[in-house]
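Colleague: I'd like to practise reading a model with you, one feature at a time. Could you give me the general idea first and then the case in hand?

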Amino acid sequence: MNAVSEFLAMGGHGAFVWSSYAITLVVLSLNVLQPWLARRRLVNEEARRRRREMT
Amino acid sequence: MNWSFFHKLGSPKWFFEISGRWLPWFTAAGVLLLLVGSVWGLFFAPQDYQQGNSFRIIYIHVPAAFVAQSCYIMLAVAGIVGLVWRMKLAHVALKCAAPIGAWMTFIALVTGAIWGKPTWGTYWVWDARLTSMLILLFLYFGIIALGQAISNRETSAKATAVLAIVGVVNIPIIKYSVDWWNTLHQPATFKITEKPAMPVEMWLPLLLMVLGFYALFTVSLLMRMRVEILRRENRTRWAREAMEKML
């Protein structure tokens with residue numbers, strides 16, 4: 001356990017290293033999530049439009 | 001020279017089909033490279049003898065900065081192709097790549113600031129490299145805003161293409177800023193003509209991370225472009241058929 005917390009502390013630089021990696025992870029995920037959501041929105045719109053045309 | 005690939009490249013239908021086949025490969029490669037690269041960089045790469053563990057930020061800072069600049073060059077090339085050959089796909093690429101480039105510049109700036117604190121004792125200085133990267137971010141913002149402000153698609157494409165081309169002058173300034181001005185920012189880690197000054201176990205994970213960032217950039221770009229193309233081509237038969245499959 002001590003070894004783990006020592007590793008996480010990174011010799012006093014832990015906060016800098018981990019916050020950088022966390023921010024990067026969030027931003028990169030956002031860049032994939034955003035177009036995925038846009039695609040879903042487009043498909044939903046299309047489905048609604050087709051249902052309207054059917055009735 | 002056979003130019004048929006160039007005409008194919010201009011065809012949204014062809015692009016939609018081929019990008020659909022490429023996407024899973026780029027996604028797998030990107031995730032794998034980033035995973036291996038960051039685990040290696042965080043857990044196994046040796047400490048820097050001067051900067052200690054804070055140097056591990058290099059494994060995201062440098063790849064993000066690389067992609068941020070390459071992406072801008074790509075915008076300028078797409079702008080030229082769009083203006084000269086009126087290739088619709090080039091405009092789509094320009095529009096879709098700009099926000100990703102802005103995000104990459106954001107990562108480079110933020111991780112750089114966080115790295116600066118333990119290394120230089122400050123988050124920000126008006127150093128030439130930092131300032132020119134900030135200008136890059138504003139150029140991206142300008143291109144995004146200009147694209148959204150003009151509702152006519154043709155005019156908007158032309159205006160953003162011109163801004164992208166003009167702004168490319170900033171790229172060599174970023175690159176040479178560490179040589180031209182006596183700055184706080186350290187000089188380039190990688191030079192094409194020389195062997196890296198780092199030991200292998202330090203730069204190999206960096207190489208993986210750079211490749212991973214490029215792969216993920218491609219994934220995000222292809223995904224955005226595919227949605228944009230479907231939206232623009234929604235009156236054509238192939239796009240309707242493609243949508244049919246997605247429902």
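Colleague: Let me start inside. Which residues have the most contacts inside the largest nonpolar core, and how many residues does that core have?

Modeller: Keep in mind that this is a predicted model. As for the general idea, nonpolar side chains tend to be buried together in soluble globular proteins. Here the largest nonpolar core has 67 residues, and B:Cys71, B:Leu75 and B:Ala97 are those with the most contacts inside it. Two or more residues each come from α2 (14-54) of chain A and, in chain B, from α2 (12-44), α3, α4, α5 (128-149), α6 (153-167) and α8. The largest share is that of α4(B), with 17 residues.

Colleague: Take B:Cys71, then. What does B:Cys71 touch, if I leave out residues up to four places away in sequence?

Modeller: With those left out, B:Cys71 touches B:Ala97, B:Ile100, B:Gly101, B:Met104 and B:Phe217.

Colleague: And B:Ala68: why does B:Ala68 count as buried?

Modeller: That call is a count of neighbours: 20 or more other C-beta atoms within 10 Å make a residue buried. B:Ala68 counts as buried because it has 27 C-beta neighbours inside 10 Å. B:Ala68 sits in helix α3 of chain B. Again leaving out residues up to four places away in sequence, B:Ala68 touches B:Gly101, B:Met104, B:Thr105, B:Ala108 and B:Leu136. For a sense of distance, B:Gln47 is 21 residues from B:Ala68 along the chain, and their C-alpha atoms are 27 Å apart.

Colleague: Now the helix itself. How far does helix α3 of chain B reach from its first C-alpha to its last?

Modeller: The general idea is that an α-helix has 3.6 residues a turn, so residues three or four places apart point the same way. To check the span, compare it with 1.5 Å a residue: α3 (residues 58-85) of chain B has 28 residues and reaches 39 Å, close to the expected 40 Å. Right after α3(B) comes B:Arg86, with a positive phi near 55 degrees.

Colleague: Zooming out, what does the radius of gyration say about chain B?

Modeller: Set the value beside what the globule rule gives for that length. Chain B has 20 Å, close to the 18 Å from the rule for 247 residues, so chain B is as compact as a globular protein of that length. Its C-alpha atoms fill a box of roughly 60 × 40 × 35 Å along the principal axes. Chain B has nine helices and zero strands, and 41% of its 247 residues count as buried. Of the contacts in chain B between residues at least 6 apart in sequence, 78% join residues at least 24 apart.

Colleague: How many helices and strands are there in chain A, and what is its radius of gyration?

Modeller: Chain A has two helices and zero strands. Its radius of gyration is 22 Å, whereas a compact globule of 55 residues would have one near 10 Å. The box filled by the C-alpha atoms of chain A is roughly 65 × 20 × 10 Å along the principal axes, and buried residues make up 15% of the chain.

Colleague: Last one: how many residues does each chain give to the contact between them?

Modeller: Read an interface by who contributes what. Chain B gives 28 residues and chain A gives 22. On the chain B side, two or more residues each come from α4 (88-120), α8 (200-232) and α9 (237-246). The most come from α4(B), with 10 residues. By class, that side of chain B has 18 nonpolar, six polar and four charged residues.

Note on methods:
Residues numbered from 1 in each chain as written. Chains lettered and ligands numbered in written order. Predicted model: local features only at pLDDT ≥ 70, side-chain atom pairs only at ≥ 80, totals over all residues. Contact = placed C-beta atoms within 7 Å. Helix = DSSP H or I, 4+ residues; strand = E, 2+ residues; numbered from the N terminus. Nonpolar A, V, L, I, M, F, W, Y, C, P; charged D, E, K, R; others polar. Rg over C-alpha atoms; globule rule 2.2 N^0.38 Å. Buried ≥ 20, exposed ≤ 12 C-beta atoms within 10 Å, placed from the backbone. Expected span 1.5 Å × (residues − 1). Core = buried A, V, L, I, M, F, W, Y, C linked by C-beta atoms within 7 Å.
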